[in-house]
Structure formats: structure tokens, C-alpha cells
Amino acid sequence: MQQSNSYIITFAIAMTVIVGGLLAGANQILKPAQQKALKLDKQKAILGTVITLKEGDNVNDLFTKNIKSEVVDYQGNVVEGVKASSVVTRKQYKQKDKTKKLFPVYKYEQNGKVDAYILPIYGNGLWNEIWGYIALQGDLKTVKGVVFDHAGETPGLGARITEGAIQKRYQNKLIFDQDGKLVSVTMVKGEGNPESALGKYKVDGMSGATLTANGVNAMLYNYLDLYLPYIKKQQNK
Amino acid sequence: MSDNTNPVTEQNPPVKKASEPLFSKRRKKFISDPMNDDNPITVQVLGICSALAVTSQLKPTLVMAIAVTFVIVFSNLITSLIRNLIPNRIRIIVQLAIIATFVILVDQVLRAYLFDVSKLLSVFVGLIITNCIVMGRLEAFAMGNKPWDSVLDGMGSSLGYAWVILAVAFFRELFGSGSLFGYKVFEEMGLAIPNNGLMVTSVGAFIILGLIIWVQRAKTGYVEH
């Protein structure tokens, strides 16, 4: 009996129903906590581009106190009535029509003055999507800091983009050349290049992760290019 | 495995067989064997992939060890409970479904309450499904043994896995980043020991694992046949 086809099919169906129900239930129960964790992670990433967070910092408080946000369109004009937190960069990235894209801008303010502009970035790494934030200093030319994250880069190789040591390399690099043309910051191939060989627009690479580095380079350039109208507008203010 | 030690005779009627103590000598072996003589990583050489990948720091390694323990113990228990119901022809799929259920549960809980660690472990929590230690215990033990024995067996195997990856992570984090659980040990002690970049990469894990296997086999005299 136990080996009959009908028993096997009944068993399989029963198992599917039980397992499916169990997982769906767990998903429903855990969803609020997961969304909270996700929001906190986003706030941490945004703050992480400008300050070094310590364990025990109240991220939510720091965020609401120091960060102001707005949403701009492809021409760099502020879009009224849209909250930056409601704009999902992944969806905007996939939006084919450039004129419909929305770009959130986070401003890190100190004493009422904008200390840094923090821009979300998004792209493809070697295996899966990569994303992050780049903070530009008040002059909108110099990089104040970056935070990268990934979905499936190789641990120990491409996944190193999440490490502080790698991200620190971007600090104080420039995104415009002398003529004011966007050059972005590129990560070179190979690791251990002397600082003198890198200059103002390049950062040292990650050994064994050239393809992830290429993804990061493309992501940075593309997004800085998309934000260019906004950056120019702010600079001419 | 038979625990039928009292053959029923006329002089010796079957009153009620004294049940085996919860931690009898036979059952203690389920826990102790995988620690050393039958260690899943160093002797059976299973679960190497995650042992190499997640062990660069102690914190994610500890979480991984707990996650694997949870998955093995509960998959073993459930499989053992329904072992007589599982149709033989689809038993592998059923085992996989049981493992996958627990892995997804672990993954979801980590995402909700330990988001940072779940990011560090990234794909490896999901890959517990393919960890041969789990599958191996279900197929080799839980399919033919009672629930409590299976729980102990799962506990033994996962502790055997846990101590090895924690040992690897201890040396990798200490020499690779100069810290333990993020606490800068060398710095606090005032020692200027430079970090060894090799230890951060998987190569470092291979070296440490090789050394552990070497020491263990030198002591137990285990020889590969």
C-alpha cells in the first residue's frame, strides 16, 4: 500500500499543503520585524556614508535629526508630494522611460547647512544586483563616503565591496575633472596599486573581483550621470 | 540496530521492558562520536563549503553553527517521527522538503531579528539545504531510528560541525583581523601584531582546517582507506 502511486501522490500533496501553510504563516508573523530591520538597515547605510556609526547608536534618532530628504526628477527639479523613503531605487532602475524616473536625495545637515548630499545608486554586479549610497561633500565634487551592498557577490572576493576598508578608498576622490566633465570614480584592476598611480579619480581594486569592480564602476558612473542635472543646479545656486 | 536484549522465555515473562535511560552509554556515543572519531568535517569531509566561507569572523560562524544545529536536530526529529509514513520512492525529496522548510524558517528569523548577521552569511544560510551533513544524517540515521535517538544523533553531528568551524573562525579572526567577536584583542593587549590578509580569504580557512585534521589524525591514528 505504502508503495502505491495513489499513496505517494496523497503523501506529496499533504506534505506540500502542510509545509506551504507553515511557511506562509511564518512569513506573515515575521514580516513586520523584517520590514523594520530593512528600514533600519537603509538608515544605517545612508548615515554610514557620512559618519561612522558605533554599536548602540540610536540610528532612527540620528537619522530623523540629521537627514532631510527630497525627491527630484530627471531634470533635477524637486518633485513635490513624494516621500524619499517611498521611492524604491530598484524599481526606478528598471523603469525604462528616463523621464519618469524619480531620484531621492538625502541631505546631511549640520547647523542648518547641507554638509553632504547622499545619493542612492543601483546596478549589477557579477552575480546579482548591487546597490548603495554615495555621499558628496557640500561642493558636490568631492566624495565624502560610500556604502555598497550586494545580493550575491562571492564572499571574500566581490562581497568585499561591503567592507569599510574598501569603501574608505573612495573618500576625498573627485567625480569631475578640471573642465567640469563627469569622470566618476573608477576602481582599477588589481590590488596594491600605489596611491600615486591612482590619482584623484581612481581607487585601488579588489584582487580577484575585477568583474564586481566593473559593476561598481558602471553603477557609480550611471547614477552620477542621472543625478547630473540636479548636481549642476545645486552647484550654480 | 536492535535493542532487544531480553528474549522472551517462559521463565522470564515479558512484564514491561525497562526503558533505556535517556542518556545511556549507547546514546552518549551518538554525541561523542561525531566530536572526534567520526567528525563530519574533518573525518567525513562534509560541509566544507560553508566551513570555508563563513568562518572569517566568529559572530556569523556562531550563528551559522546554531542555524545548522537547529536544522539538523529538527529535520532528524521530524524525519524520524514520520519515517514509517514516508514512501520509499520519494524519500529523498521528502527529506529535502523537510530540510528546506527549516532552512527557510531560520533564514526568515535571521532576517527579522539579526539582519546584520544574515547579510554577512548571505547565501550560506540558504545553502544549508545542500549541506551534506544534514542530508546525510536524515538518510543514514533518522530514516531507521527512533525520534530521541535521532535528536541525539543530530545534536552530535552538529556539535562536531560547530566546534570545528568555531575553531577555524577563532584563528581566522584572531590573525586575520586581530579581533575576537569584533573585540580588538591585540590592540587592547598593546601588541603590534600585523593582520594576516591570508587568513581573511578562504585560503586561510583551508590552512587552519588542514592543521586541525593533521593534529586530530596524529592523535587518533585515523588513516584514510
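1. A helix here is a DSSP run of H or I with at least four residues, numbered from the N terminus. With that in hand, and remembering that this is a predicted model, start at A:A218, which lies in helix α6 (residues 210–226) of chain A. With a relative accessible area of 35%, A:A218 is partly exposed, because that class covers values between 20% and 50%. For orientation, the C-alpha atom of A:A218 is 21 Å from that of A:D179, and the two residues are 39 apart along the chain.

2. Next, please look at a helix pair in chain B. Helix α1 (residues 25–32) of chain B packs against helix α8 (residues 147–177) of chain B at an angle of about 35 degrees, and the axes are 6 Å apart. On the α1(B) side, the contact is made by B:R26, B:R27, B:F30 and B:I31. From α8(B) come B:W148, B:D149, B:L152, B:D153, B:M155 and B:G156. Sorted by character, the residues of this contact comprise five nonpolar, four charged and one polar.

3. Now to the aromatic rings. Over all chains, there are 14 aromatic pairs. In one of them, A:Y117 and A:Y230 meet edge-to-face, with 6.2 Å from centre to centre and 75 degrees between the planes. This pair links distant parts of the chain: A:Y117 belongs to strand β3 (residues 113–124) of chain A and A:Y230 to helix α7 (residues 228–235) of chain A, 113 residues apart. Are these two tyrosines, A:Y117 and A:Y230, buried or exposed? Both A:Y117 and A:Y230 are buried.

4. Chain B offers a pair with another geometry. The ring centres of B:F171 and B:F175 are 6.4 Å apart and their planes stand at 5 degrees, so this pair counts as stacked, the cut-off being under 30 degrees. Because B:F171 and B:F175 are four residues apart in helix α8 of chain B, about one helical turn separates them. B:F171 has 34% relative accessibility and therefore counts as partly exposed. B:F175, at 36%, is partly exposed as well.

5. It is worth following those two phenylalanines a little further. Which residues do ring pairs link into a cluster? The cluster consists of B:F170, B:F171, B:F175 and B:F186.

6. One last spot to visit is in chain A, where a charge meets a ring. The charged end of A:K232 sits over the ring of A:F176, at 4.6 Å from the ring centre.

Conventions
Residues numbered from 1 in each chain as written. Chains lettered and ligands numbered in written order. Predicted model: local features only at pLDDT ≥ 70, side-chain atom pairs only at ≥ 80, totals over all residues. Heavy atoms only, no water. Axes fitted to C-alpha atoms, helices over the stretch in contact; angles between N-to-C directions. Helix = DSSP H or I, 4+ residues; strand = E, 2+ residues; numbered from the N terminus. Contact = heavy atoms within 4.5 Å. Nonpolar A, V, L, I, M, F, W, Y, C, P; charged D, E, K, R; others polar. Phe/Tyr/Trp six-rings, centres within 6.5 Å; stacked < 30°, edge-to-face > 60°. Buried < 20%, exposed > 50% of the residue type's maximum accessible area, 1.4 Å probe, protein only. Lys NZ or Arg CZ within 6 Å of the ring centre and 35° of its normal.
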